[in-house]
Amino acid sequence: MPWLFWLVSEFFNKKRIFYLTFLPIVLSQQIFTGFPQITFYSVLGLIIFCTYKLILIKIKRITKIRIFAIISSFILLGFLISSIQLNATYNITKNSKRIEHHNPAKILTDFPLKPKNLLTVLNPYILGNPKNATYFRWEPGKWSVFWESNLYFGVIQFLLSLITIFMLFVKNKLKQKSITVFWLIFGLLGLMLALGTYAPLYPIFSFPVFSYFRVPAR
């Protein structure tokens, strides 16, 4: 996912279509891993990111439409390259009994990300360690599994994020403020969706394609 965003970002920053030529390759490799949920989030995120970047730049509307069409064509090419995988995934899904019992309520309650899980940003084992059997046992609707409810991504990265937020309020100390604000809002949006029924955005999981996937915490 980070590579996809980086390629699109470099396309806008350097104004070179060269970077987009790698977009279908990276996207197709993500699809080949066989995890459609992450692919959906990646493509949806890219569309939002591209739209935001196009809003920022001052060019004619028709030019913006052309740029969006070019980026969309490279994304479509990524799907075409991996079409054999998509076809196989579709056929397997049709025969999956798990899908028969799918509904938004079950999606939101079976694997909850609780507000208490936010503490794992500071320490991945603050609530327990599955290696030592000290983490909560998974119970549908009560507690999720360790791997899908852990938010730890590094103490240094967390501190850098806090510093970045602080610098937003210091005049002329942070370059590209607009894109930094975007990533902060984007991260907050992801967190709100991950929290499921503990946040106000949970109705989104009643609509396709969100309603096709389990575990909002992912």
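Contacts between residues 24 or more positions apart make up 63% of the contacts in the protein with a separation of 6 or more. The model is a predicted one.

**Whole chain.** Start with everything displayed. The protein contains nine helices and zero strands, so coloring by secondary structure follows the order α-α-α-α-α-α-α-α-α from the N terminus. Along the principal axes, the C-alpha atoms fill a box of roughly 55 × 50 × 30 Å. Switch on the surface next: the accessible area is about 14,000 Å², and carbon and sulfur atoms hold 68% of that. Of the 218 residues, 33% count as buried.

**Helices α2 and α3.** Select residues 23–32 for α2 and residues 36–56 for α3. Their axes lie 9 Å apart, at an angle of about 150°. Because angles over 145 degrees count as roughly antiparallel, α2 is placed in that class relative to α3. The crossing of α2 past α3 is right-handed. Now show side chains at the contact: L23, L27, Q30 and I31 on the α2 side, with I38, T39, S42, V43 and L46 on the α3 side. By class, this contact has six nonpolar, three polar and no charged residues.

**Residue S144.** Move to the loop between α7 (104–110) and α8 (155–167), and select S144 there. Is S144 buried or exposed? Its relative accessibility is 1%, so S144 counts as buried. To see what surrounds S144, add F111, P112, Y135, W138 and S149, which S144 touches when residues up to four places away in sequence are not counted.

Technical notes. Residues are numbered from 1 along each chain as its sequence is written. This is a predicted model: local features need pLDDT of at least 70, side-chain atom pairs count only at pLDDT 80 or more; totals for chains, interfaces and linings use all residues. Side-chain values use heavy atoms; hydrogens and water are left out. Helices (H or I, at least four residues) and strands (E, at least two) are DSSP runs, numbered from the N terminus. Buried means under 20% relative accessible area, exposed over 50%, partly exposed in between (1.4 Å probe, protein chains only). Contact means heavy atoms within 4.5 Å. Axes are lines fitted to C-alpha atoms, for helices over the stretch in contact, and angles run from 0 to 180 degrees between N-to-C directions. Angles under 35 degrees count as roughly parallel, over 145 as roughly antiparallel, 65 to 115 as roughly perpendicular and the rest as oblique. A crossing is left-handed if the near helix is turned anticlockwise from the far one by less than a right angle, and right-handed if clockwise. Ala, Val, Leu, Ile, Met, Phe, Trp, Tyr, Cys and Pro count as nonpolar, Asp, Glu, Lys and Arg as charged, and the others, Gly among them, as polar. Accessible areas come from the Shrake-Rupley method with a 1.4 Å probe; for residues, only the protein chains shown count as cover.
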